[in-house]
Structure formats: structure tokens, C-alpha cells
Amino acid sequence: MVWTMAGETPASVPPPGVPSGMSAGSPVPPAGPPLHVPAGSPAAPPAAPPAVPPAAPPADLPEEYTPTARDLPIIEPGRTETLIDRPAVVPVPEPATDPDAPDGMGPLYVVGDVHGYYDELREALAAEGLIDADGSWSAGNARLWFLGDFTDRGPDGIGVIDLVMQLSAEAAAAGGYCKALMGNHELLLLGAKRFGDTPVQSGAGTASFQAAWLLNGGQKTDMDRLEDHHLQWMARLDAVMEEDGHLLVHSDTTAYLDYGDSIEAVNDTVHEVLTRSEADEVWDLFRKFTKRFAFRDESGSQAVRELLDAYGGARVVHGHSPIPYLLGEVGAEDGESESVAVDGPHVYADGLAIAMDGGITMAGKLLVVQLPLAG
């Protein structure tokens, strides 16, 4: 299902409640607050995300913030049923071979945003023959890339990280690899753990990582189970990578260009920021990685080409922005909506961009896809 939006111009300024990059006449999801924290001095945050999120965002948010709807279903922290007695997955045939893979490597797969949905991730990986019934790597020399956002909103973000770390070791032993990119929610969780309520300059006053984490689906069970090796793993993730002509990033934004003119430079700069561990600097990195929709409108293909010209590749593959948002559709909180019909990746921007966030948090689908795609 591919849907394009017409009649918009880059210069249009959206009215309040309309996401950045969309005009007043464009189909938009119901107004929901962006990934942000409110302006003003931060008070002590609650121990867990509120049961009923506020209905509307503050009116004075800076223009650069872009939406991650807070009214998406959030698993309450007390729910731990997915942490035990996980169902086994059904084994499937080995993944297809790829004669064009470099250096004798196997086929290339990418995974969209997981957001703590451990069981759904295992099912999706098993369906492609990448893991067996025990959840172990079964794909030989295949290559697997996760595009980031492992935690928040879903019930078992730490379980997801543990699985990715396990598969990384098992894939390497089998002659393949499993790797991951850094998403904005990795930066958010790192910041919440490192800086807590430390005030940061948000552009709309003072804010804090802890408040932003709670507002955007942070799960107490994840924070309670977060260990040093999880933090070290997240902090070492790269932000950009190129594989087989695919430029892999988490966010559909050109903000990566602010951090370097090559893949190596961007990744080095991001790692340096996290190593210095200055709250305001990490906040600015997080804020820029929350931007979205740069590839969607009339100027979208040009924005994609800016990244490709700088970093190489023929197509950008990203997560971050749910495909139902890119298509002008939304899901219902009860998960029963028929409006979210995500069957696969969304190819757009004159065929130069592939969106991989199937909207698992909004009754969509967790996507695991073999590249290259046609179309």
C-alpha cells in the first residue's frame, strides 16, 4: 500500500496540532503531543507513566519538535506476563540465499521499531527463518540489521535488547551478523538513567530526560532491569550505516548532516557526545533524532538525495515514523482498528526511501524484511 501526499509545500507552516511538515489541508492523525517534555521547571516525576495521558501538548512547543502520539497504547508497568512463560515459536525453513551478497555473506534483512514487543519480534524473526523455536540464530551467514527503538511503550524492552545481544553473538559464530542502530529511544533511556531530573535546555524552557522518558512510554520494569552492560551496548551503537547500497538510519531526518559529512564522522561524533556525557549536549542529540517526515512531502526526494550524496547508497531505509502516519492513517488504542493495514515497508520519495516502522505500538505490524525491495 503506497500513498503519496500532494498539495504541500516545504514553506507551509502548520497550525497548532498539525505535525511539522504537514499542511492544514493534509490528512493527519489525531492531534497528539510530540516526543517532548513540557516547558517550565521540572517537578519530581511520578514513579510510573500516568494511566491517562494529558489530552493535549503545551501550546509553546518549539517548531522543531515532531509528533510521537502519546495516546498510543502503553503497557502498564505492572504487567509482566510477557517476561515469563514465553510461548515457543514455530520453526520455519532457512532464509533464502543471495548470490549478490558481498564476500560470501548471506541475504540482508532489516527490522523496524520493536518498542518492547518481544513476543512479536520472535514471531517475525521466526517467520523469516532467522531464529528457531528456542529463539536461537538459525540463519547461518545471513545479515540482520535492527533500525533502533528497542524499548518504551511495549512490555519488555530489556528482553528485546537481551535477544538482540544474544543473536549478535550467535550470528557471528555462524558466519553472519546481527547489528543494530541507535534510535531516539535509546538516547532517551540512556539520558533518563544518566541524568534523571537534571534540568536541560529544551528550546522551550527547561526539561529533563526523566520527564521525557515517562511521557513517551518509559516502562518502570525496563528501568528496574537495566544493567551496566545494556547501557554500554546502547552507547556504542552506530547512528548510520550503509549495506548493499542501502543507507540505514533510524530517523527520517536530515539532522544526521549536523554531525558529520561521512558515515564514520557521524558515528564518531555521536559516540563522542555520549562519552562526554554532558546533559545539554546529549539532549540536543536526542532532540535532533526525534525529527521526522523529512522525506514525505514534495521536497522529500531532495532531502533523501542530500543524505545519499553525503553518505553513499542508492536508497535510505529508516524506522521512527510509523507507516500509518506516513499514509495519513491511525490505529485505535484497543488494537481492533481496521484502518491500520500495514502489510510491508512503505516505498516513497520517488522510490528513494523505505519506511520500516510498521506501527506495532498502534495495532500495526512489526516488520522484518529482506532487502533489496522492488518498487
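**A friendly note on helix α1 and its surroundings**

1. A good place to start is the cover over helix α1: the elements lying against its buried residues include β1 (108-111), β2 (143-146), α2 (157-173) and β11 (368-371). Please keep in mind as you read that this is a predicted model.

2. How many of the 10 residues of helix α1 are buried? Seven are, so the helix, which spans residues 118-127, is largely enclosed by the rest of the structure. The buried residues of α1 are Tyr118, Asp119, Leu121, Arg122, Ala124, Leu125 and Ala126. After the helix comes Gly129, which has a positive phi, near 75 degrees.

3. Now step back to the whole chain. The protein chain has 10 helices and 11 strands. It contains 375 residues, and 54% of them count as buried. The accessible surface of the protein chain is about 14600 Å², with 51% of it belonging to carbon and sulfur atoms.

4. It also helps to know how the chain meets itself. If you take the contacts between residues at least 6 apart in sequence, 77% of them join residues at least 24 apart.

5. Three of the strands named at the start belong to one sheet, so let us turn to it: β1, β2 and β11 sit in an open sheet of four strands, in the order β3-β2-β1-β11 and with mixed pairing. Which strands stand at the edges? They are β3 (177-180) and β11; each has a single partner strand, so one side of each is left without a neighbour in the sheet. From one strand to the next, the twist averages 20 degrees.

6. As background, strands of a sheet pair through backbone hydrogen bonds, either parallel or antiparallel. In this model, β2 and β3 pair in the parallel sense, over four bridges. If you would like a spot to look at, find Leu144, which stands opposite Cys178 in β3. Helix α2 packs on this sheet, where it touches β2 and β3, and its direction makes about 145 degrees with that of β3.

7. Next, the aromatic side chains. The structure holds nine aromatic pairs. One of them joins Phe146 and Phe150 in a tilted arrangement, 5.8 Å centre to centre and with 50 degrees between the planes. Are these two rings' residues buried or exposed? Phe146 has 1% relative accessibility and Phe150 has 0%; buried means under 20%, so both count as buried.

8. Phe150 takes part in a further pair, this time with Trp233: the two rings are tilted, 5.5 Å centre to centre, with 55 degrees between the planes. Where do the partners sit? Phe150 is in the loop between β2 and α2, while Trp233 is in helix α6 (residues 228-235), and the pair links distant parts of the chain, 83 residues apart. Trp233 is buried too, with a relative accessible area of 13%.

9. Two more aromatic sites deserve a look. Phe195, Phe209, Trp283 and Phe286 form one aromatic cluster. Phe293, for its part, has arginines over its face: Arg292 lies at 5.8 Å from the ring centre, and Arg296 lies at 4.2 Å from it.

10. If you have time for a single tour, begin at helix α1, largely enclosed by the rest of the structure. Then follow the sheet in the order β3-β2-β1-β11, and finish at the pair of Phe150 and Trp233, which links distant parts of the chain.

Key:
Residues numbered from 1 in each chain as written. Predicted model: local features only at pLDDT ≥ 70, side-chain atom pairs only at ≥ 80, totals over all residues. Heavy atoms only, no water. Helix = DSSP H or I, 4+ residues; strand = E, 2+ residues; numbered from the N terminus. Buried < 20%, exposed > 50% of the residue type's maximum accessible area, 1.4 Å probe, protein only. Contact = heavy atoms within 4.5 Å. Areas by Shrake-Rupley, 256 points an atom, 1.4 Å probe, with all protein chains shown as cover. Phe/Tyr/Trp six-rings, centres within 6.5 Å; stacked < 30°, edge-to-face > 60°. Lys NZ or Arg CZ within 6 Å of the ring centre and 35° of its normal. Pairing = 2+ DSSP bridges. Axes fitted to C-alpha atoms, helices over the stretch in contact; angles between N-to-C directions.
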